[in-house]
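Visitor: Could you take me through this model, from the overall fold down to single residues?

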Amino acid sequence: MTQILFPAQKKYLESFKKKGDELILEMERFAIEHSVPILDWHSADLIEKLILLNKPDRVLEIGTAIAYTTIRIARCLHKGSVIHSIEKSAVNIKIAFENIEKSGISKKTF
């Protein structure tokens, strides 16, 4: 077995996946096609829940990549909160800025 989950388990977990956010789906496809490491949706969902529960004023993300997690976190932050995100790849920074602009969360990111 090369994967942790059996197909039936994966199908069950995917039944909980949020539907309909075209930008997030587009970013997931881009990450797969271009081998960009992003969080799997299970982990991203957990982080969203933690942000909603803890209501932080500031979040530091190390490793922005294409801003997948940045956007998901920023959308959960309360008004006045910010996310600071660090990325070393110039190529990824350009893509991340484009995705942040598309998402409408640019006021929450630094």
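The questions and answers below move from the whole chain to its core and then to individual positions.

Visitor: In what pattern do the helices and strands follow one another along the sequence?

Guide: The model is a predicted one, and its chain has five helices and two strands. Read along the sequence, these elements follow the pattern α-α-α-β-α-β-α.

Visitor: What is the radius of gyration of the chain, and what does the globule rule give for 110 residues?

Guide: The C-alpha trace spans about 45 × 35 × 25 Å along its principal axes. The globule rule gives 13 Å for 110 residues, and the chain comes close to that value, so it is as compact as a globular protein of that length. The radius of gyration of the chain is 15 Å.

Visitor: What share of the contacts with a separation of 6 or more comes from residues 24 or more positions apart?

Guide: One pair that is distant in sequence is Thr64 and Ile38, which are 26 residues apart along the chain and whose C-alpha atoms are separated by 8.9 Å. For the chain as a whole, among contacts with a separation of 6 or more, the share from residues 24 or more positions apart is 70%.

Visitor: What percentage of the exposed area do carbon and sulfur atoms supply?

Guide: Buried residues make up 34% of the 110 residues in the chain. The area that the chain exposes is about 7,600 Å², and the part of it supplied by carbon and sulfur atoms is 63%.

Visitor: How far apart do the centres of the positive and negative side chains lie?

Guide: The chain carries 17 positive side chains and 14 negative ones. Taking the centre of each set, the distance between the two is 4 Å.

Visitor: Which residues of the largest nonpolar core touch the most other members?

Guide: The largest nonpolar core holds 23 residues, and at least two of them come from each of α2 (22-33), α3 (41-54), α4 (68-76) and α5. The largest share, five residues, is supplied by α4. The members that touch the most others are Ile66, Tyr68 and Ile71.

Visitor: How many of the nine residues of α4 are buried?

Guide: The buried residues of α4 are Tyr68, Thr69, Thr70, Ile71, Arg72, Ile73, Ala74 and Cys76, and they pack against α2, α3, β1, β2 (82-86) and α5. Helix α4 is largely enclosed by the rest of the structure, because the number of its nine residues that are buried is eight.

Visitor: Which residues does Asn99 touch, leaving out those up to four places away in sequence?

Guide: Asn99 sits in helix α5 and is buried, with a relative accessible area of 6%. From the other side of one of these contacts, Ile71 touches Leu23, Ile24, Met27, Asn99, Ile100, Ser103 and Ile105, again leaving out residues up to four places away. The residues that Asn99 touches are Leu23, Met27, Ile66 and Ile71.

Visitor: Is Ala96 buried or exposed?

Guide: Ala96 belongs to helix α5 (residues 90-103), and beyond four places in sequence it touches Thr64, Ala65, Ile66 and Ala67. Its C-alpha atom lies 12 Å from that of Phe30, a residue 66 positions away in sequence. A residue under 20% relative accessible area is classed as buried, and because Ala96 has a relative accessibility of 4%, it counts as buried.

Visitor: Which residues does Thr64 touch, leaving out those up to four places away in sequence?

Guide: Thr64 lies in the loop between β1 and α4, and at 8% relative accessibility it counts as buried. Its contacts beyond four places in sequence are with Thr70, Ser85, Ile86, Glu87 and Ala96.

Visitor: What is the relative accessible area of Ala65?

Guide: Ala65 is placed in the loop between β1 (58-62) and α4. Its phi is near 55 degrees, a positive value in a residue other than glycine. The residue is buried, with a relative accessible area of 9%.

Visitor: Is Ser35 buried or exposed?

Guide: Ser35 lies in the loop between α2 and α3, and its phi is near 55 degrees, a positive value in a residue other than glycine. The cut-off for an exposed residue is over 50% relative accessible area, and since Ser35 has 64% relative accessibility, it counts as exposed.

Terms used
Residues numbered from 1 in each chain as written. Predicted model: local features only at pLDDT ≥ 70, side-chain atom pairs only at ≥ 80, totals over all residues. Heavy atoms only, no water. Helix = DSSP H or I, 4+ residues; strand = E, 2+ residues; numbered from the N terminus. Rg over C-alpha atoms; globule rule 2.2 N^0.38 Å. Buried < 20%, exposed > 50% of the residue type's maximum accessible area, 1.4 Å probe, protein only. Contact = heavy atoms within 4.5 Å. Areas by Shrake-Rupley, 256 points an atom, 1.4 Å probe, with all protein chains shown as cover. Lys, Arg positive; Asp, Glu negative; His and termini not counted. Charge placed at Lys NZ, Arg CZ, Asp CG, Glu CD. Core = buried A, V, L, I, M, F, W, Y, C linked by side-chain atoms within 4.5 Å.
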